[in-house]
Amino acid sequence: MNKGTIQFANILAAPNLFSPGQLVIGGQNPPLGLWATYVIIVGIYALLIFALIKFWHKKQERGA
């Protein structure tokens, strides 16, 4: 795996949401530091949850 893939995997790893810095992928620490990585992870998952709720709400309005 190249460096970019490892950094991307460190940012998107779900265990980093619960315990930042405990999971190290590819022998490298998170690319932006623990707290910046944590904030990015929280933002990504918050956007994902918001999008899923919005999708579910639209589906409910259509009567599906």
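# Notebook: looking up a three-helix chain

I began with Ile41, which I found in helix 3, and I note at once that the model I am reading is a predicted one. I looked up how well Ile41 is covered, and its relative accessible area came out at 0%, so I entered Ile41 as buried.

Next I asked myself which residues Ile41 touches once its neighbours within four places in sequence are left aside. I listed Asn10, Ile11, Ala13, Asn16 and Leu17 as the contacts of Ile41. For one of these contacts, Ile11, I also looked up the backbone spacing, and I wrote down 6.2 Å between the C-alpha atoms of Ile41 and Ile11, although the two residues stand 30 residues apart along the chain.

I then turned to Ala36, which likewise has its place in helix 3. Ala36 has a relative accessibility of 33%, so I put it down as partly exposed. I checked Ala36 against Ile11 as well, and here the C-alpha atoms are 9.6 Å apart in space, with the two positions 25 residues apart in sequence numbering.

Having looked at single residues, I stepped back to the chain as a whole. I counted three helices and zero strands, and reading along the sequence I noted the pattern α-α-α. The chain has 64 residues, and buried residues make up 14% of them. Of the contacts with a separation of 6 or more, I found that 41% join residues 24 or more positions apart. The accessible surface of the chain comes to about 4,800 Å², and I recorded that 68% of this surface belongs to carbon and sulfur atoms.

My next entries concern the surface patches. Which residues make the nonpolar surface patch? I wrote down Phe8, Leu12, Leu32, Ile40 and Ile44, which together give a patch of about 420 Å². I also looked up where these residues come from, and I found that helix 1, residues 3–12, and helix 3 each supply at least two residues of the nonpolar patch. I followed up Leu12 from this patch, and I placed Leu12 in helix 1. Its relative accessible area is 31%, and I therefore listed Leu12 as partly exposed, a value that passes the cut-off of over 30% for patch residues.

Finally I looked up the charged side of the record, where a positive surface patch is formed by Lys54, Lys58, Lys59 and Arg62. I chose Lys54 for a check of its own, and I located Lys54 in helix 3, which covers residues 34–61. Is Lys54 buried or partly exposed? With a relative accessible area of 44%, Lys54 goes into my notebook as partly exposed.

Terms used. Residues numbered from 1 in each chain as written. Predicted model: local features only at pLDDT ≥ 70, side-chain atom pairs only at ≥ 80, totals over all residues. Heavy atoms only, no water. Patch = residues over 30% accessible without salt bridge, like charges linked within 9 Å, V, L, I, M, F, W, Y side chains within 5 Å. Areas by Shrake-Rupley, 256 points an atom, 1.4 Å probe, with all protein chains shown as cover. Salt bridge = Lys/Arg side-chain N within 4 Å of Asp/Glu carboxyl O. Lys, Arg positive; Asp, Glu negative; His and termini not counted. Charge placed at Lys NZ, Arg CZ, Asp CG, Glu CD. Helix = DSSP H or I, 4+ residues; strand = E, 2+ residues; numbered from the N terminus. Buried < 20%, exposed > 50% of the residue type's maximum accessible area, 1.4 Å probe, protein only. Contact = heavy atoms within 4.5 Å.
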